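Dear colleague,

I am handing over the structure below, with some notes on what was found in it. Please read them with the coordinates open beside you.

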Amino acid sequence: MLKENLTGREAAIERAANSATLLKESPWEGTRGGPVGEKRNASAWWSSVYKGAALLVLNALVAFACLELAALGFFNIQLPGKSENPGEQLVGEGTARENVSYYASQDWAKRYWHEFRLSRKQQFYSFVGWRRAPFKGQTIEVNEEGIRVTPGATCGDQSFKVFMFGASEMWGTGSPNWATIPAHLQKGLQERRKGPVCVVNFAESAYVSMQGVIMLLMQLRSGNVPDAVVFYTLVDDVYSAYQSGRAGVLENLELVAAKFEERRKPDTWVDRIKSTRSYGLIDMLLGKLTVAAPRGEKGGQTRVVTYETMGVDADTLSEAIAQDYLGNYRIVSALAQKYGFQYHYFLPPLITLGSKILTPEEQDMKRKTEVETSMYKLFDSVYRIMDRESPRYQNLHSMVHAFDSYGSLIFIDESHLTPVGNGVIAEKMLDAIHMPPSDK
Amino acid sequence: MISVVLLLTLMGRLVPSMKGRQILFLAASYLLYASWGLGFLVILITSSLLNYACGLALRRKPTAPRLCLGIAVNLLPLAFFKYLPALLDVSASGSWQYDLAHQIIMPIGMSFWTFQALSYLFDIYYEEELNPSLLEFCLYMAFWPTVFSGPVCRLPRMLPQFRQPAAFNWDDVSTGSLRVVQGVLMKFVLAHILATGWHPGEGIANGFDQMKGGWGGVDVWLLGIGFGFLLFFDFAGYSHIVIGTARLFGFRLPENFDRPFLAATPSIFWTRWHMSLSFWIRDYVYNPLAIAGRRYSWWPYAGFVISMTIFGLWHGAKWTYIVYGVYHGLLLVMHRMGQQMKRQFSIRLPRDVGWFLSWGTTFLLLAIGFIFFRANDMTQAWMMVGTVLTPGAYAHFAMPRSFYVLTVASALGYFAVTAGHSVMVSWRERYRKTVGERAGRTWPRPIADPTLSLGALFEFFSARLWWWFAPVLSVLVFFAGLAMYTREAVIAVTPFIYTLF
């Protein structure tokens with residue numbers, strides 16, 4: 001009676017329920033119920049897998065959006081920047097050279113490396129690209145022209161003027177104002193001369209020798225003619241060629257060019273991920289929680305682009321570097337004749353060259369330099385060419401053997417020196433510079 | 001090594017035989033311990049065998065001399081490895097005493113497993129029914145998640161778990177993973193940044209180790225508070241990792257921390273901070289002492305000071321630790337006396353005001369305690385405490401700005417998260433009572449009451465941990481992995497502070 005009143009749909013449901021009951025009571029309960037049941041189970045399985053995966057993916061996107069929002073908030077209310085007040089905390093850049101044993105006994109050292117970090121800011125400078133921004137600390141002072149101050153320099157019409165050019169080695173990385181090569185030279189010249197002496201440190205970090213030549217040209221153009229010019233360069237000429245595979249170009253050429261041209265590589269998906277705020281936040285946090293993996297831990301692989309990875313031949317490149325360098329020498333020589341100043345070129349010493357008895361610390365620095373075989377090879381090759389060529393250039397002096405008789409620590413890395421080393425180099429320069437007869 | 005240990009433990013969970021399971025767990029534990037030094041393992045095994053023998057002797061006849069022998073078996077090696085070097089270290093360099101002091105290396109985790117062994121002997125002495133086999137006792141002593149830095153376990157809790165049949169449980173996996181991740185974040189992010197500073201050299205470690213003086217009053221308070229949080233993130237983070245890892249394999253270890261900085265009195269603090277050790281001290285030092293001297297009214301006070309001095313001394317033979325213990329003993333005494341005075345004079349304050357005053361005082365007193373704990377020597381500790389007591393020092397600030405911001409932000413963040421979690425839990429309970437049970441579903445119909453809605457949301461997400469935990473973890477791991485690969489960096493692992501004890 002009741003069944004007769006059921007609609008077609010209700011009857012179908014009841015049939016399905018009955019068959020389910022039958023199936024449950026059948027001996028096959030718990031097993032796959034034939035092809036139809038199998039299909040239904042597989043379908044349900046795929047459906048649940050799809051739902052689960054969709055849910056996880058969707059939630060991952062939601063998590064990413066939340067992280068992005070959090071990162072946005074974080075970057076808008078960042079913690080205060082590093083303390084600008086040198087009196088508060090003295091924090092350097094954390095490089096190995098800061099921990100060289102020489103500095104342990106120097107009471108200015110902590111402050112120096114702290115100020116070195118703070119003085120890193122560069123600003124645009126016509127024709128040469130960059131110079132340091134003005135900075136006034138206790139161990140580093142950079143004037144409004146971006147020139148590191150030489151203590152005791154008295155620059156006037158009657159002064160004996162010496163312009164010094166070079167890169168960080170001449171600028172004085174690792175030494176306070178009073179212990180750079182120009183500062184030592186200033187003291188030496190003052191002792192020898194009765195009148196005022198004006199040694200100007202035109203050097204700047206990462207300058208190649210051509211930038212020094214341009215700086216000299218700008219001084220001459222403005223009527224500021226020196227009595228003597230000293231170039232202490234080559235290291236960065238070689239390094240820029242090592243980076244770019246070309247001689248006679250700026251250091252970090254690719255970076256500078258890309259900035260100027262507003263050039264952008266086609267974005268890969270990794271680049272896009274890296275441009276998110278979430279990546280920025282996590283990368284910044286990791287920067288505080290991680291240390292660089294020791295070399296060799298990545299199987300000795302390096303991803304740095306160098307002349308070798310570009311397929312440039314080391315010998316050809318070395319020859320080009322040397323010829324460019326000597327070309328600059330000839331320009332300065334011609335200017336010297338025209339303007340009437342003396343000029344001297346000095347090839348900076350390197351830890352990998354010369355016969356200095358290295359301290360264990362220096363031996364370790366040398367080992368680390370030699371790990372970069374392509375760079376080491378290039379330096380070696382260029383210096384050999386310069387040795388070969390130097391007899392033809394009377395004002396070209398090599399400092400490679402300047403420390404052969406020194407057993408104490410002189411190097412703080414592959415090319416920068418302690419104040420003691422700077423003093424030795426300044427002595428050698430002093431021997432080369434001719435004082436006017438009336439002054440001696 | 002750790003993967004082999006994990007594999008052995010996983011295999012142990014799958015083996016149906018109880019003995020086979022225990023053998024695999026013990027092999028994993030000994031393997032991990034031996035990776036720190038084979039000599040350490042020999043000492044651990046020797047101690048396990050001696051303690052088991054002492055236990056057997058005590059079970060036959062629980063007498064005081066036998067217990068004393070058992071205590072000596074444990075405390076003499078601990079004194080030799082932990083306290084003798086500190087005593088000899090004061091000798092002139094080059095003397096044999098000095099050389100000996102520098103040759104003695106304490107087996108890692110010795111303070112923890114020695115106290116576990118002692119608790120076993122005490123339990124038997126107090127005639128608790130314990131009948132571990134030698135295998136079970138060795139496993140109890142060497143159980144790899146706890147052997148290095150606790151939590152200090154008790155055999156009555158662990159034995160049934162060593163014997164229980166293997167059973168896979170998703171809840172264990174979920175809770176265990178969540179706690180491991182929580183611990184990793186606390187230790188490797190929060191504790192690390194607090195210690196080293198937002199910028200290198202601007203952290204708490206610098207404030208204690210690099211500065212020889214010249215702190216301002218606020219600096220010292222924040223160094224104390226900051227170190228408290230640093231120690232909490234470090235050790236509670238470690239405890240989360242250990243408890244979570246054990247939970248992944250189905251073991252439930254005792255908790256070590258329970259929102260300690262919300263404690264409103266020193267007594268409550270000690271029921272929430274390093275709980276496994278503080279309860280050990282309460283049960284096996286304070287309680288027997290209190291019973292022994294119950295005739296004298298002053299004796300419980302002495303008991304507090306003696307117990308807490310032992311607690312401080314447990315950390316090492318340094319005056320700073322001893323003073324830290326005595327200081328906390330005196331705080332407990334003062335608290336007890338304060339309670340009596342309050343009753344005597346019937347002082348009444350509005351409930352919330354009273355709680356806040358009590359909490360604030362406790363929090364600041366704890367900060368002073370942490371200065372004693374962290375100071376490199378007593379001279380430094382007194383200098384810092386002296387600064388706090390000098391009104392003129394409050395006009396002077398010697399630490400970098402990022403230190404102040406980071407320390408205050410960590411403290412406020414901790415309170416915000418703890419309070420937020422407690423509020424959400426209470427709302428969830430309310431939701432469960434009013435809606436969930438009635439409806440029989442976890443997700444209610446739209447509710448006008450926002451707290452009930454939030455309670456429902458919290459219930460929804462807690463019941464579906466993997467829905468959000470796995471995606472969040474994946475996103476974080478993905479970004480962190482990419483950043484690590486790009487930086488060619490490795491995590492700077494600072495040692496867990498408590499592994500030094």
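**Notes on chain A**

In this predicted model, residues 24 or more positions apart account for 74% of the contacts in chain A with a separation of 6 or more. The secondary structure of chain A comprises 16 helices and ten strands, and 32% of its 440 residues count as buried.

I would start from strand S9 of chain A, which spans residues 342-347 and is mostly covered, five of its six residues being buried. S9(A) pairs with S7(A) in the parallel sense over five bridges, and within that pairing A:Gln342 of S9(A) stands opposite A:Ala228. S9(A) also pairs in the parallel sense with strand S10 of chain A (residues 396-398), here over three bridges, where A:Leu347 has A:Ser398 in S10(A) as its bridge partner.

The residue I looked at in detail is A:Phe231, which lies in strand S7 of chain A, residues 228-232. Why does A:Phe231 count as buried? A:Phe231 counts as buried because it has 27 C-beta neighbours inside 10 Å, where 20 or more are required.

Leaving aside residues up to four places away in sequence, A:Phe231 touches A:Phe165, A:Gly166, A:Ser209, A:Gly212, A:Val332, A:Tyr345 and A:Phe346. Among these, A:Val332 is 101 residues from A:Phe231 along the chain, while the C-alpha atoms of the two are separated by 9.7 Å. Two others, A:Tyr345 and A:Phe346, fall within the 342-347 range of S9(A), the strand with which S7(A) pairs.

With best regards

Terms used: Residues numbered from 1 in each chain as written. Chains lettered and ligands numbered in written order. Predicted model: local features only at pLDDT ≥ 70, side-chain atom pairs only at ≥ 80, totals over all residues. Helix = DSSP H or I, 4+ residues; strand = E, 2+ residues; numbered from the N terminus. Buried ≥ 20, exposed ≤ 12 C-beta atoms within 10 Å, placed from the backbone. Contact = placed C-beta atoms within 7 Å. Pairing = 2+ DSSP bridges.
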